[in-house]
Protein chains: 2
Amino acid sequence: MAVTTLDISMSLDSFIAGPNQTVEEPLGEGGLQLHEWIFGLASWRERHGQSGGVTNADSEVLQESVEAAGAVVMGRRMFSGGSGPWESDPNADGWWGDNPPFRVPVFVLTSHPRDTAVMEGGTTFTFVTDGCRAALEQARSAAGDKDVSIAGGANAIQQFLEAGLIDELQIHIAPILLGGGVRLFEEVPPVELRRTRVIDSPAATHLTFEIAD
Amino acid sequence: MAVTTLDISMSLDSFIAGPNQTVEEPLGEGGLQLHEWIFGLASWRERHGQSGGVTNADSEVLQESVEAAGAVVMGRRMFSGGSGPWESDPNADGWWGDNPPFRVPVFVLTSHPRDTAVMEGGTTFTFVTDGCRAALEQARSAAGDKDVSIAGGANAIQQFLEAGLIDELQIHIAPILLGGGVRLFEEVPPVELRRTRVIDSPAATHLTFEIAD
């Protein structure tokens, strides 16, 4: 059965971006280290036209996530790259480049309507202005029998948890204390979880949880 | 070689106590669930004069922690049980009862000098008023060739990380979002870690990290 998964990398101290985010450094100081478990993989590098890299437990986790997701939902700040150009220009492009890594329909929560952007490689950005339930409905429809992945940021995640719309959490814990930045879980409701899987490599510990009934 | 280990249970959203701590509920709402992986163990129950319980991967982790620690360091609030009686009476007893679970010398960081308290079962509480380095020195001396365990709370941990005095982190992640309370890592410096071990059970995921050089 298709599920709605929160799929995100965080530091051991629960940050999904480091302190002092800027347009040049949208993940904040040290924030790139959250995703190092991905950048070194042969499969990731091949997908991005680079050679080399390693194949390990992380490769399987990433491949599985990529194959499972039929659509992605994200918040406005995750699309635009922090508090960047959109603060002054709500029609500015996102920071994902011409060929974003999603390669499936992406639904962006925003209060500013704009036309769907069709990118290279299969990614489309559709802007949803009527809330997280509506975004999830559109994403589910686009995903068919595949899963919907909630990719962040913190504010979007808080909305989805608050509305009880997430079935599963897939948390990739990077071995680092960032010491500040954007918390993954900020003002979320209390939720009991059932840990269903642990996969680990030196670069990340991948924990899967279901929401307990 | 003896090491200084931060050994603590946290929720997936990085809280070591839930919201609304009171004298009656010093771990806050939902906070007891952080330690459920311990309370159900046969070894824990036997130690506390109760029968029954299970033996699983968690038992080994707990036994190992107990055997490794020759001394414990904790902050004042962890000794007194949140912002309880000590707010009005700095000589009030801690909330650990007559027979605390540590059974080794415990060094409490405080600004208020008082006499060492000798409890049943091998626990002593020694109150250290000249900072975390002094407390660690006394704890190391008391521990001999065993490890020193830094048990919390958040403020003590922040001091030890800031001073670079921790060698190893042993984090027990409970499968729950508490949604609020006391953060484990609050205003700590950025620290790169090396994940050295993962042990898991349905009740907790035990992650061990060394501080990377």
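Which residues of helix 3 of chain A are buried? In this predicted model, local features require pLDDT of at least 70 and side-chain atom pairs pLDDT 80 or more, whereas totals for chains, interfaces and linings use all residues. Residues are numbered from 1 along each chain as its sequence is written, chains are lettered from A in the order in which they are written, and side-chain values use heavy atoms, without hydrogens and water.

Helix 3 of chain A (helices being DSSP runs of H or I, at least four residues, numbered from the N terminus) comprises residues 57–68. Its buried residues are Asp58(A), Ser59(A), Val61(A), Leu62(A) and Ser65(A), buried meaning under 20% relative accessible area with a 1.4 Å probe, protein chains only. Because these residues cover an arc of only 165 degrees around the axis, they lie on the same side of helix 3 of chain A; the arc is that of the directions from the helix axis to the C-beta atoms. At the start of the helix, a side-chain oxygen of Asn56(A) comes within 2.8 Å of the backbone nitrogen of Asp58(A).

Chain A can be laid on chain B with an RMSD of 0.0 Å by a turn of 180 degrees and a shift of 0.0 Å along the axis, with superposition by least squares on the C-alpha atoms of residues with pLDDT of at least 70 in both. The two copies are therefore related as by a two-fold rotation axis. In chain A, the C-alpha of Ser14(A) is nearest this axis, 3.1 Å from it.

Phe185(A) is in contact (heavy atoms within 4.5 Å) with residues beyond its neighbours within four places in sequence, including Leu6(A), Ile171(A), Leu12(B) and Arg183(B).

Key. Helix = DSSP H or I, 4+ residues; strand = E, 2+ residues; numbered from the N terminus. Expected span 1.5 Å × (residues − 1). Buried < 20%, exposed > 50% of the residue type's maximum accessible area, 1.4 Å probe, protein only. Polar contact = N/O pair within 3.5 Å; in protein donor to acceptor, adjacent residues only side chain to side chain.
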